[in-house]
Amino acid sequence: MSLYPMYVNLTDKRCLVVGAGKVAERKIASLIKAAARVTVVSPTSTPGIQKWSDEGSVTLHLRTFNPEDVHKMTIIIAATDDPAVNLAVHRACQPHQWVNIADRPDLCSFIVPAMVERGDLQVAISTGGANPGLAKKLRRQAEQWIGPEYESYTQFLGEMRQQVLSLGLGEEEKRIILRELLDDRFFQWTRTGEVERRDREAKELFHRHSED
Ligand SMILES: C[C@@]1(CC(=O)O)C2=NC(=C\c3[nH]c(c(CCC(=O)O)c3CC(=O)O)Cc3[nH]c(c(CC(=O)O)c3CCC(=O)O)/C=C3\N/C(=C\2)[C@@H](CCC(=O)O)[C@]3(C)CC(=O)O)/[C@H]1CCC(=O)O
Ligand SMILES: NC(=O)c1ccc[n+]([C@@H]2O[C@H](COP(=O)([O-])OP(=O)(O)OC[C@H]3O[C@@H](n4cnc5c(N)ncnc54)[C@H](O)[C@@H]3O)[C@@H](O)[C@H]2O)c1
């Protein structure tokens, strides 16, 4: 089956995570980063999840799952070590809810990819559940060639693009400038920290084309 890849805005969306072990901790970390409103239900918890609870980043209920816990939740993740409980979580959900059952890919209405994260640049890698270890391996390899400098490079290109769009240029000029900004020299100046040179060259590029 071919899955539809989608980046979703989870800001303030209610998300339930059932279980608070190793797998849950990984999923919760990305939900917090996405500014979701996270509730965790589990009789025991990792120290990391406990800390998030103490800081107010998640609401942690130290008890076993109850089917009513899924009410009003947009996203539900079941990551307990008890297959019967994970199945009960799936049964409690409505068809319109987005559900991830950690030990039952066949019951998931969404799965979580491996991610290379560089600020606004997010590269997702998925094997559709065929082999999550391969997704992780490729993520590690991709991190070698999509280095940390891509965070500021993406930010630079984002700001430049906004400027180009605000100049009121014709389609052809816009296209030429945007293509030129993607030339490798702007990446190299970012990588080597020559940002003044980079910004100056970008400004000159704008001038050249807006005067035409
Ligand atoms: C990518 C990543 C994202 C994340 O979790 O954040 C992720 N799994 C990761 C790691 C990982 N998972 C497992 C191992 C041990 C090696 C192995 O078994 O292969 C390792 C490696 C490790 O831990 O080192 C075991 C495992 N995983 C699933 C099952 C159930 C089953 O297959 O039946 C079992 C067997 C459990 C058992 O033993 O019973 C199921 C799923 N895991 C997925 C995602 C979804 C498919 C993603 C895809 O293929 O695209 C899916 C379907 C559902 C979901 O979880 O969304 C994350 C890497 C993050 C990173 O480091 O970059
Ligand atoms: N999808 C993935 O990426 C992936 C990867 C590895 C393992 N798994 C699966 O995920 C499961 C969880 O793995 P783990 O390493 O996090 O296990 P774990 O033992 O670290 O954590 C299990 C958690 O479930 C909680 N729990 C148990 N019964 C509960 C109940 N009735 N209600 C609520 N919480 C309950 C426990 O208190 C604990 O916090 C494994 O059994 C495995 O099948 C999935």
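**Exercise 1. Find which helix gives the most residues to the shell around ligand 1, then describe that shell**.

*Solution.* Start with the answer: helix 4 contributes five residues, the most of any helix, to the shell around ligand 1. Helices here are DSSP runs of H or I with at least four residues, strands are runs of E with at least two, and both are numbered from the N terminus. The model is predicted: local features need pLDDT of at least 70, side-chain atom pairs count only at pLDDT 80 or more, and totals for chains, interfaces and linings use all residues. Residues are numbered from 1 along each chain as its sequence is written, while chains are lettered from A and ligands numbered from 1 in the order in which they are written.

Next, take the whole shell. It has 22 residues, and the closest are Val112, Ala114, Ser126, Gly129 and Pro132. A residue counts as near if its C-beta atom, placed from the backbone, lies within 6 Å of the molecule. Helix 1 (22-33) and helix 4 (132-145) each supply at least two of these residues.

Then sort by class. The shell around ligand 1 holds 10 nonpolar, seven polar and five charged residues. Ala, Val, Leu, Ile, Met, Phe, Trp, Tyr, Cys and Pro count as nonpolar, Asp, Glu, Lys and Arg as charged, and the others, Gly among them, as polar.

**Exercise 2. Place ligand 1 relative to the domains**.

*Solution.* List the domains: domain 1 (14-112), domain 2 (114-146) and domain 3 (149-211). Their bounds come from an automatic or database domain assignment. Domain 1 and domain 2 both give residues to the shell, so ligand 1 lies between them.

Now turn to domain 3. Its centre and that of domain 2, taken over C-alpha atoms, are 27 Å apart. Five residues of domain 2 contact five residues of domain 3; a contact means C-beta atoms, placed from the backbone, within 7 Å.

**Exercise 3. Describe the packing of helix 1 on helix 2**.

*Solution.* Begin with the geometry. The axes of helix 1 and helix 2 (residues 47-55) come within 9 Å and cross at roughly 35 degrees. Axes are lines fitted to C-alpha atoms over the stretch in contact, with angles from 0 to 180 degrees between N-to-C directions.

Then list the residues. Ala24, Glu25, Ile28 and Ile32 of helix 1 meet Gly48, Ile49 and Trp52 of helix 2. By class, this contact has five nonpolar residues, one polar and one charged.

**Exercise 4. Describe the shell around ligand 2**.

*Solution.* Of its 21 residues, Gly19, Gly21, Val23, Thr80 and Asp103 come nearest. Helix 1 gives the most, with three residues. The classes are 11 nonpolar, six polar and four charged.

Key: Two residues are in contact if their C-beta atoms, placed from the backbone, lie within 7 Å.
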